[in-house]
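The following exercises concern the surroundings of two polar side chains. Each task is followed by a solution that proceeds step by step.

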Amino acid sequence: MLLKNILITIFVLILFSGSLFAQNAIKPIKTKQEKGYFSILEMGYFLGTSYLSDPNNDRSSPLNVRSLRTVNGIFLNPNLSLGIGIGVDGNDTKRFGFFNTFLVYADARYYLKNNVDGWFLYSDLGSAVKIDNSFEKGLFLNMGGGYKFNVGKVILVPSLGYNQQNFGIYNTDYRNSSLALKIGFMF
């Protein structure tokens, strides 16, 4: 149900927000996609639910995540980039408390046009890394869309997507599902 609502929200935002970022003409400058290497620094705030996976008792708790991630990679062509990302997410739940997760992941982005400004889709796949003896690594998945645009000499890459993270703490399995709102800076 949460995933369905997230997908509907993303579709509506894409339909009705195109005029917010409209450009008058294609600018005759070299785009980031034509330069090869890139680095993105993203900060995010995610809202969702943390689930405790127990066959005898399925419990959940509201979830707030504050995220700081960075991706470094290359453009394979003007529309497709691949990168490696690392990040730290601060997970805050009412029922299960606060805990940090350290992520390592692969990042793929598809840019719809080779313009200075434009829409993109992204997908991340990786793992939460074991950071102490109580923590067990687990699958990490993040996907969504965004809009890349120039503000002076800075390229902003805001995005909206779905974030899911599985991991274990003290032999208890957790699954976090959330709506991910991020703002990034591309260098």
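**Exercise 1.** Which backbone nitrogen lies 3.2 Å from a polar atom of the side chain of S61? Place S61 in its strand and describe its surroundings.

*Solution.* The model is predicted.

Step 1. Strand β2, which covers residues 59–77, contains S61.

Step 2. The relative accessible area of S61 is 2%. Since buried means under 20%, S61 is therefore classed as buried.

Step 3. The backbone nitrogen in question belongs to K94, at 3.2 Å from a polar atom of the S61 side chain. The backbone nitrogen of R95 also lies by a polar atom of that side chain, at a distance of 2.9 Å.

Step 4. When residues up to four places away in sequence are not counted, S61 touches G48, T49 and S50, together with T93, K94, R95 and F96. K94 and R95 thus appear in the contact list of S61, and each places its backbone nitrogen by the serine side chain.

**Exercise 2.** Is R109 buried or exposed, and which side chains does a polar contact join to that of R109?

*Solution.*

Step 1. R109 belongs to strand β4, residues 97–111.

Step 2. Its relative accessibility is 1%, so R109 counts as buried.

Step 3. The side chain of R109 forms a polar contact of 3.2 Å with the side chain of E42 and one of 3.0 Å with the side chain of D107.

Step 4. With neighbours within four places in sequence left aside, the residues in contact with R109 include E42, I40, N79, L80 and S81, as well as F120, L121 and Y122.

Notes. Residues are numbered from 1 along each chain as its sequence is written. This is a predicted model: local features need pLDDT of at least 70, side-chain atom pairs count only at pLDDT 80 or more; totals for chains, interfaces and linings use all residues. Side-chain values use heavy atoms; hydrogens and water are left out. Helices (H or I, at least four residues) and strands (E, at least two) are DSSP runs, numbered from the N terminus. Buried means under 20% relative accessible area, exposed over 50%, partly exposed in between (1.4 Å probe, protein chains only). A polar contact is a pair of N or O atoms within 3.5 Å; within protein, one must be able to donate a hydrogen and the other to accept it, and residues adjacent in sequence count only if both atoms are side-chain atoms. Contact means heavy atoms within 4.5 Å.
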